[in-house]
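Q: Please take a close look at the surroundings of the ligand in this model.

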Amino acid sequence: MSKVLAIETSCDDTCAAVLDGDKILSNIISSQVDLYKKWGGVVPNIAKRAHSERIETVVAEALKRAFRLKAQKYAGDYIAEGMKKIDLIAVTYGPGLAVALGVGIDMAKELARNYGKKLVAVNHVEGHIMSNFLKNSCGKPLRKIRFPALVLTVSGGHSKIVLMKGIGIYEVVGETLDDAAGEALDKVAKLMGLGYPGGAVIERLAKKGDENFLKLPRPMKGRKGFDYSFSGLKTSFYYTIRDWSKERISENYENLAASFQTAVFESLLGRFEKAVDYYKPVSLLASGGVTANVELKNRLRKLARKKGLVICLPWDKKLSTDNAAMIGVAGWHKAKRGELVKNVDKLDREARAELG
Ligand code: KG4
Ligand code: ZN
């Protein structure tokens with residue numbers, strides 16, 4: 001069961017990928033970001049329509065590229081040809097935006113029924129964790145990830161510290177009590193009038209800014225446990241700049257971005273370091289959209305060095321943010337464990353699915 005077609009539509013990217021086990025043969029991402037710029041965030045109905053319009057073409061493109069299919073007239077022809085080579089379909093069932101998840105699940109169910117393929121349902125957060133186990137079509141990079149591993153996974157939808165005792169064996173030991181780290185970056189970018197999504201814009205501005213420009217709190221510092229909280233930090237930022245003129249804000253874009261980004265990253269790293277000391281893992285992993293940030297990656301590498309550990313990060317920016325390849329590799333392992341969908345018709349989305 002090595003050829004996997006994976007589908008991911010949990011938020012604002014329509015994604016499909018084809019894998020040979022853990023090797024990526026194709027990884028197609030159709031981003032909807034341009035549709036949300038003026039709204040400052042994902043709009044469910046727009047997302048549903050955009051996923052529905054794009055899903056067939058994206059799946060066809062993934063199959064076409066993976067198997068170098070000869071030119072066809074219609075997307076459906078590529079799908080009919082490509083599906084002959086597929087052994088397993090993997091799809092994200094949650095967590096995520098319900099109406100968006102539904103589009104990917106319906107497509108996966110239809111393909112499983114029409115072509116008589118096995119189906120596996122994958123948790124989106126497990127997908128992010130498993131992005132570190134992906135290889136290119138030549139089988140690189142060679143990584144031997146040892147367990148127990150401690151994982152920091154941070155995106156626009158979640159911020160978690162996960163103790164991973166093996167593939168498929170997860171214990172969430174810390175998570176955000178309110179906003180996710182990426183969500184906080186997005187909201188602050190919106191407050192400053194920088195558009196959506198904010199993480200990458202803040203990263204670019206922060207490079208030239210003074211991180212000590214604003215005195216912002218370090219949420220949860222000194223508290224017991226390993227949970228996060230970012231909503232108070234965002235509120236504190238808001239109160240600081242709410243009476244500022246537009247000019248004053250724009251003159252200080254770089255300093256504001258650097259101050260906020262540093263507050264978020266120090267919080268992420270501080271709690272993660274505490275968890276590393278407590279759980280004493282033999283390896284470290286990080287994943288999720290926020291780990292596309294070079295400054296965060298550098299801080300994580302520095303922490304790993306300090307602890308005498310190795311940290312694995314997604315080897316391509318495209319594997320940090322949402323993609324279907326990560327769903328494919330997680331699904332392939334799940335299928336090997338025999339965790340297939342028993343009744344295809346009954347598979348349903350779970351907008352608030354928990355990991356584990
Ligand atoms: O993993 P992802 O694509 O989707 C979710 O599962 O949410 O993560 C998207 C999040 C957004 O909040 C975005 O602002 C953030 O990741 N992000 C970044 C960067 N690129 C994306 N945050 C910081 N620096 C970046 N370069
Ligand atoms: Zn994600």
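A: The account below deals with ligand 1 and the residues around it. This is a predicted model, in which local features need pLDDT of at least 70, side-chain atom pairs count only at pLDDT 80 or more, and totals for chains, interfaces and linings use all residues. Residues are numbered from 1 along each chain as its sequence is written, chains are lettered from A and ligands numbered from 1 in the order in which they are written, and side-chain values use heavy atoms, with hydrogens and water left out.

Ligand 1 is surrounded by 20 residues, each with a heavy atom within 4 Å of it. The closest are G156, D186, G199, E203 and D322. By type, the shell holds five nonpolar, 12 polar and three charged residues (Ala, Val, Leu, Ile, Met, Phe, Trp, Tyr, Cys and Pro count as nonpolar, Asp, Glu, Lys and Arg as charged, and the others, Gly among them, as polar).

Three helices, α5 (124-130), α6 (181-191) and α7 (199-206), each supply at least two residues of this shell; helices are DSSP runs of H or I with at least four residues, numbered from the N terminus. Ligand 1 lies between domain 1 (3-141 + 318-346) and domain 2 (149-314), because both give residues to the shell; the domain bounds come from an automatic or database domain assignment.

Some polar contacts (pairs of N or O atoms within 3.5 Å) can be named. A backbone N or O atom of G156 is 2.8 Å from an oxygen atom of ligand 1. For N293, a polar side-chain atom lies 3.1 Å from a nitrogen atom of ligand 1.

Key: A polar contact is a pair of N or O atoms within 3.5 Å; within protein, one must be able to donate a hydrogen and the other to accept it, and residues adjacent in sequence count only if both atoms are side-chain atoms.
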